[in-house]
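Colleague: Could you take me on a close look at one part of this model, the first helix, and then at what surrounds it? I would like the cut-offs along the way, please.

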Amino acid sequence: MNKSVVVLGAGGHARVIVGLLREQGYSVEALIAPTLAECPELAGLRHYVNDSDIELFSSHSIKIVNAVGSLPRQFNLRKKLFIEAREKDYSFETLVDSSAIVSQFANLQMGVQVLPGAILNGCTIGENTIINSGAIVEHDVSIGSHCHIAPGAIICGDVQVGNDVHIGAGATLIQGVKVGHGAIVGAGAILTQDLDANDTLYPARSVAQSALKEGR
């Protein structure tokens, strides 16, 4: 098994990802990012500043790890880098922290990252999605591509989540709800009914943003 990787990003999320990679015996050949965080996890690694520098590495000899972080409504860079690299025939490594619990019936697509303490039962996770520390994804859940399930979020059974969705830290999605593409469930919110595409649920009001605008 080839365990040589090039990491995209060199900020906070990269610190977590590089630590995981080193723990699991990967060889980090380089970091590619405009700036480099000063921290022990990234010290001593080769650093390239241009996205095009990925072409210095053969797609047949390395895999890519997307360590660009993801905030609400700010998926563009992480998603853009993933799509561009795939168009150049690079593959992305799927990562699961050793402390995570992942069912043998879970389907993790290319580039998924499952971070410390997460629990995944029989679910499907789309490509380039982050399942962050301590999140729980229950049975028969489907999560789309380019999503971020933030630390401590709980997604109950039979939930359907579209692409480009952000589920905030500590949020809970009750069994059977559907979340449309590009929606945001804010930190600490409890979602008890379907959330339309590009809508936002705030925990204090538990009302979708579009409903507020329309005076409903």
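Modeller: Happy to; here is the helix, followed by the cores and the ring contacts. This is a predicted model, in which local features need pLDDT of at least 70 and side-chain atom pairs count only at pLDDT 80 or more, while totals for chains, interfaces and linings use all residues. Residues are numbered from 1 along each chain as its sequence is written, and side-chain values use heavy atoms, with hydrogens and water left out.

Helix α1 covers residues 12-23; helices here are DSSP runs of H or I with at least four residues, strands are runs of E with at least two, and both are numbered from the N terminus. From first C-alpha to last, α1 reaches 17 Å, close to the 16 Å expected, where the expected span is 1.5 Å times one less than the number of residues. Its buried residues are H13, A14, I17, V18, L20 and L21 (buried is under 20% relative accessible area, exposed over 50%, partly exposed in between, with a 1.4 Å probe and protein chains only). Seen down the axis, these buried residues fall within an arc of 160°, so they line one face of α1; the arc is that of the directions from the helix axis to the C-beta atoms. As general background, an α-helix has 3.6 residues a turn, so residues three or four places apart point the same way. The face turned away from the buried side carries the exposed residues G12 and E23. Just after α1, G25 takes a positive phi of about 85°.

Within the helix, A14 has a relative accessible area of 0%. Not counting residues up to four places away in sequence, A14 touches G9, L42 and A67, contact meaning heavy atoms within 4.5 Å.

Now the cores, each a set of buried Ala, Val, Leu, Ile, Met, Phe, Trp, Tyr and Cys residues joined through side-chain atoms within 4.5 Å. The largest has 31 residues, and I131, I143, L173 and V185 have the most contacts inside it. Apart from that one lies another core, of 20 residues, with I17, V18, L31 and A67 among them.

Finally, a charge and a ring: K3 lies over the face of Y26, at 4.4 Å from the ring centre. The rule asks for NZ of Lys or CZ of Arg within 6 Å of the ring centre and within 35 degrees of the ring normal.
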